[in-house]
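Please examine the structure shown here, with attention to its cysteines and to a set of paired strands.

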Amino acid sequence: MKKLPYLLIFGFLLGLQSCVQDEEDIFNKPAAERLSEALQAYQKMLTAPENGWVMEYYPKGDCSYGGYTVLLSFTEEDVTVASEISSRSAKSLYSLKEDMGPVLSFDTYNEIFHFFSDPAIPGLSGLGYEGDYEFIFMGQENNELILKGKKTGNTFRMHPLSKNQSWEQTLNDLKSIIRTITPPDYYGYGLTVENTEIFLTQTGRALTTEPNGRNFEIDYIEGKDTLTINAPFIYTTSGIKLYQPIQIGGKTLQYFDWSEIERTLVCSDNDVNARITFDPMPINKRFCYTKEEWYFHTGIMSSPFREKWKEAGELVQSGQGLRIYQAYLSYNAELEAQILNVVLTDGYNLYECLLLIYCRPVKWTDDQLEIEFTGKVDDNGNAFYNSGGEAILQMLNGKYTVTCDNPSKPAVIMFKSTDKQDVWFQLSLEKVYNL
């Protein structure tokens, strides 16, 4: 494992001694007294580093958002917090409690720290990013303090920030590395381990402050088995660190550092030859993670599909006095899904009907994807679904082979169903009105 260049003095922490007599002294003390002493020791530890701490913060129990760097500086009463998600710091109170063992609690509101645990994030159904604000002390490992999220159960690691590294420089370095190693538009990541190509996709839920999630889905073949690993990661000032080590082909991987010479991420774990590169996205991935709006045109689709759109239009017209004005697909990074936006009009006003659709590349292919309507819609979407839209969504479900007019910059994509021979349609970047 790559060693972090930080030093901690943990001698005063829960001083574990090899002497039997010392062990007897410890266990002869009442549990409440031992816990109180532990809290005092952690208090001293938190306030000891002159330049504060670096916390690797993973919101949500499944780590699907990936990790974020949080800088913390403690006094005996308050804590100052900064992070890559904000351009400023914030101060608030904290406390150490006796609850399920020694607990660190950020129990007064901090606009930076509680960004991850605040349930009032717009569009997230009252759950927010489902992050922790209370942490159980689990002890130390090498140069790190280990905590466990009381709500998520996630592991949080903290290490002191080097004295010669300012907070401002640390956050600037993080933002710089994020810009440097984020693939250009329509490029993704590729992974090789010991010269073997591994199928790697950047996935995961994205914060509202950024376009992409911080999670890798890794598929590889081992013997006769096809295996999948979900690997959340955090950006470091030198590259990427996975939430926990992963095993591929008998090799253990966790740290990747950016090589300016090679223009790639090189694994820095001992005795591992692995690289993460920038690779052009094939058309199926490109569409599934598109940032553009792709428009339907009833004049360029198979007759059965066109009839479903016509029937839906007639039902909307007769039932609500509206007609279909537009229909297009666009990607929502937070939901990791496409939004089918059907726009209705009464001639003066426009009404958006949103329907949630998952478009997934078929693994190990460059030109196949699967479309699945999830049933999750807004009120207008629900009304359209019940007014003829259901038949459209049912016909849209399924696997497709996709082709495009220009692989480097597609403007038109053709979809042909692999299991319904009478279903095909075209999407284009050109806006289409009066569908």
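The paragraphs below treat the cysteines and then the strands of this predicted model.

A search of the whole structure for disulfides returns zero. Such a bond would require two cysteine sulfur atoms within 2.5 Å. Cysteine 267 does not meet this requirement because the closest cysteine sulfur, in cysteine 63, lies 20 Å from its own, too far for a bond. With a relative accessibility of 7%, cysteine 267 counts as buried. Cysteine 353 is likewise in no disulfide, and the nearest cysteine sulfur, that of cysteine 359, is 18 Å away. Cysteine 353 has a relative accessible area of 2% and is therefore buried, since the limit for that class is under 20%.

The strands may be followed from S18 onwards. Strand S18 covers residues 294-301 and strand S19 covers residues 323-332; the two run antiparallel and are joined by two bridges. Tryptophan 294 has leucine 329, in S19, as its bridge partner.

On to the next pairing: S19 is joined to strand S20, residues 337-345, by nine bridges, and these strands also run antiparallel. Leucine 329 appears here again, with leucine 340 in S20 as its bridge partner. Leucine 329 is thus a bridge partner of tryptophan 294 and of leucine 340.

What do S19 and S20 form, and how many residues lie between them? The two strands form a hairpin, with four residues between them. Within the turn, glutamate 336 has a positive phi of about 55°.

Note on methods:
Residues are numbered from 1 along each chain as its sequence is written. This is a predicted model: local features need pLDDT of at least 70, side-chain atom pairs count only at pLDDT 80 or more; totals for chains, interfaces and linings use all residues. Side-chain values use heavy atoms; hydrogens and water are left out. Buried means under 20% relative accessible area, exposed over 50%, partly exposed in between (1.4 Å probe, protein chains only). Two strands pair if DSSP finds at least two bridges between them.
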